[in-house]
Each structure stands twice: as C-alpha cells, then as structure tokens.
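Here are a few notes to read alongside the model. They go through the salt bridges, one buried arginine and the main pocket.

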Amino acid sequence: MARILPILGASQPFDPSHRYTTSWILPPLLLAICRAVFAIYIFTAIFFIFGWNGAHGNAEQSGYSFSFFTSLGYWGLGFYFLFSSLHTFSYLGTGKSWLQRWPAALQVAHAVFYTTIVTFPILVTGVFWAILYSGTWFPTSFQGWSNTSQHALNTVFAAFEIFLTRTSPPPPAHLPFLVILLALYLALAYLTHVTAGFYPYSFLDPNKGSGKLAGYVLGILAAACVIFGIVWAIIWIRRWLTESKWGLHGKLAKNTVVRDEEMMEIANERMK
C-alpha cells in the first residue's frame, strides 16, 4: 500500500506543503471564501432549477437530471468546493487541514476528485457547445442562465482551481479512473433508456448508426484524455512560473504546521 499511495498522489504524510488548501496569490481566508461561494452558487442553482421545474409542471425533469453527465458533474463540482472550502477553513484555523487527518483511502479519493473537477467540466463545456448546442440562443432567460451556469461557469470554476491554487499536476495514474468513470456513465445512460425510455444524449442512440455511436464514444474518450494532458501541462507551467520564476511559494496561514523541507524554506522566507 505504501508504494501505491505516491503513484496515486497521496504520499504520506499527505500534502505536507498544504498545496490543496493554499494559493500562490490568494490568502487562505480568501481562498476558503471563494470556494464556499462557488459551492453556495452551484447548490443554489441546482435547487432553483428543481424549484423552477416543479413550479412549471416539469418536476419529472429534476429526477431525469440525474441521468445526465452534465448534472452529475455539476453536483460533483458543488461537493468538491464544499469540502475543499471546509478543508481550507480548517487549515486556516489550525495550520493543518482535515484532509491531512483523513485515512489514506479518502486522501486518494480527494486527489482523484480534484482531477475530475479540473477535467470533466471542460469536457462538458466542449461537448455541449460543439455538439449539443443548436446555434440559436435559448428562448427564455431561465434557460439561458441555467445552461450558462452548467455549461460555461463550470469551466470557470475548474479554471479557478487550475490557475489560482498551488496544486501539483494530477498523477498519470488518475487517467484510468477518468476512463472508468466515463464507462460507468455510459452504462448509466443505457440503463436510463431501459428504465425510463430515453437516451440522455441523442448521439447515444444506436439506431442512428453503430459506427456514428462508436465515433462519438471514442471521440469523447479521446477528448477527455487530451484535456487531462493539457490540464497537466498548464498546472506544471503554473507551478514553474509562480514558484521557480516568480518565487511565489504560496500564501500560508500564520500557524502553518511545517512538515517538510519545502515548507521550512517557505516559512523562513516569510520571517525575513
């Protein structure tokens, strides 16, 4: 187990440099507040959409939403920002986040979770605007806002984590997890057709041509892998620029628990 954890991005002790709970430009308090605001916005949007559907005689649409990759991903973003804000607030208060006290299995889960929220939102945005969007703007303000929130702001939220935090590039070992999650969603989509009688996305209908279906599925899988690689490169460049070139090693809490040589060096710099 000890040999596997570093491969999965969960070396022990976990996150000794507090990368998951700090930013190279934002102080911990502001980072925690931003994450909390994002979580509040996402959950408010979800439940407002549910309420709107119910008030307009479309309550069943709220239930059907759990069959859509977009909706599942939006829930995932909400929970990520909820927990990441709590971890950041706990780090701010004690110098050590709750995440660092969790069992190794949950730390691995959080690391993979982070990888999904910097990858899948970009995939969702790309697929929606490139394939699903008709080209005509939505007929109501509500539809425009709900689709913008779920298919555009989701990538803005992901970009916040990519560009403004101190996280390291996601381990390549996370890529199989992304593939497995996409495969599980594909199974859910076809289960939805069996149980509810519809395909969440029309391009998943095999009656429109098995070759076309295979092309869409393999194309989306390839796109996810490419996005993973691009995000990995962007995060690597961000770390190189901010830390190696600009000397911005992070905005740390005053009571930060120093657990490795890197943190000792940063702490000493702050005392000069």
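1. A word on terms before we start: helices here are DSSP runs of H or I covering at least four residues, numbered from the N terminus. Keep in mind too that this is a predicted model.

2. Let's begin in helix 10, with Glu243 and Arg239. These two form a salt bridge, and their closest N and O atoms are 3.8 Å apart. Why are they separated by about one helical turn? Because Glu243 and Arg239 are four residues apart in helix 10. In general, an α-helix has 3.6 residues a turn, so residues three or four places apart point the same way.

3. Buried or exposed? The cut-off for buried is under 20% relative accessible area. Glu243 has 12% relative accessibility, so Glu243 counts as buried. Arg239, at 26%, counts as partly exposed. Salt bridges with shared partners join Arg19, Arg239 and Glu243 into one network.

4. The other link in that network is the salt bridge between Arg19 and Glu243, whose closest N and O atoms are 2.7 Å apart. This pair ties together distant parts of the chain: Arg19 sits in the loop between helix 1 (4-7) and helix 2, Glu243 sits in helix 10, and 224 residues separate them. Both Arg19 and Glu243 are buried.

5. How many salt bridges are there? The count comes to three. One of them pairs Arg35 with Glu161, with 2.9 Å between the closest N and O atoms. That pair also links distant parts of the chain, since Arg35 belongs to helix 2 and Glu161 to helix 8, 126 residues apart. Arg35 is buried, and Glu161 is buried too.

6. Have a look at Arg238 as well, which lies in helix 10 (residues 210-245). Its relative accessible area is 6%, so Arg238 is buried. Setting aside neighbours within four places in sequence, Arg238 is in contact with Trp24, Tyr114, Glu161, Ile162, Phe163, Thr165, Arg166 and Thr167. One of these, Ile162, has its backbone oxygen 3.0 Å from a polar atom of the Arg238 side chain. For a sense of how the chain folds back here, Arg238 and Ser168 are 70 residues apart in sequence, with 9.3 Å between their C-alpha atoms.

7. Now for the largest pocket, which holds about 680 Å³ of space. It is lined by 25 residues, and the closest to its centre are Ile49, Ser71, Ser146, Asn147 and Gln150. Which classes make up the lining? There are 12 nonpolar residues, 13 polar ones and no charged ones.

8. Several helices share the lining of the largest pocket. Helix 2 (28-55), helix 3 (59-64), helix 4 (69-94), helix 6 (120-132) and helix 7 (141-151) each supply at least two residues. Which helix gives the most? Helix 7 does, with six residues.

9. Helix 7 deserves a second look. Its buried residues are Phe142, Gly144, Ser146, Asn147, Ser149, Gln150 and His151. Among them, Ser146, Asn147 and Gln150 also appear in the group closest to the centre of the largest pocket. What covers the buried residues of helix 7? The cover includes helix 2, helix 4, helix 6 and helix 8 (153-164).

Methods:
Residues are numbered from 1 along each chain as its sequence is written. This is a predicted model: local features need pLDDT of at least 70, side-chain atom pairs count only at pLDDT 80 or more; totals for chains, interfaces and linings use all residues. Side-chain values use heavy atoms; hydrogens and water are left out. Buried means under 20% relative accessible area, exposed over 50%, partly exposed in between (1.4 Å probe, protein chains only). Contact means heavy atoms within 4.5 Å. A polar contact is a pair of N or O atoms within 3.5 Å; within protein, one must be able to donate a hydrogen and the other to accept it, and residues adjacent in sequence count only if both atoms are side-chain atoms. On a 1 Å grid over the protein atoms alone, a cavity is a set of points where a 1.4 Å probe fits but cannot get out, and a pocket is an open set with protein on both sides within 12 Å along at least five of seven lines; lining residues have an atom within 4 Å of a point. Grid points are joined across faces, edges and corners, and a volume is the space filled by probe spheres set on the points. Ala, Val, Leu, Ile, Met, Phe, Trp, Tyr, Cys and Pro count as nonpolar, Asp, Glu, Lys and Arg as charged, and the others, Gly among them, as polar. A salt bridge is a side-chain nitrogen of Lys or Arg within 4 Å of a carboxyl oxygen of Asp or Glu.
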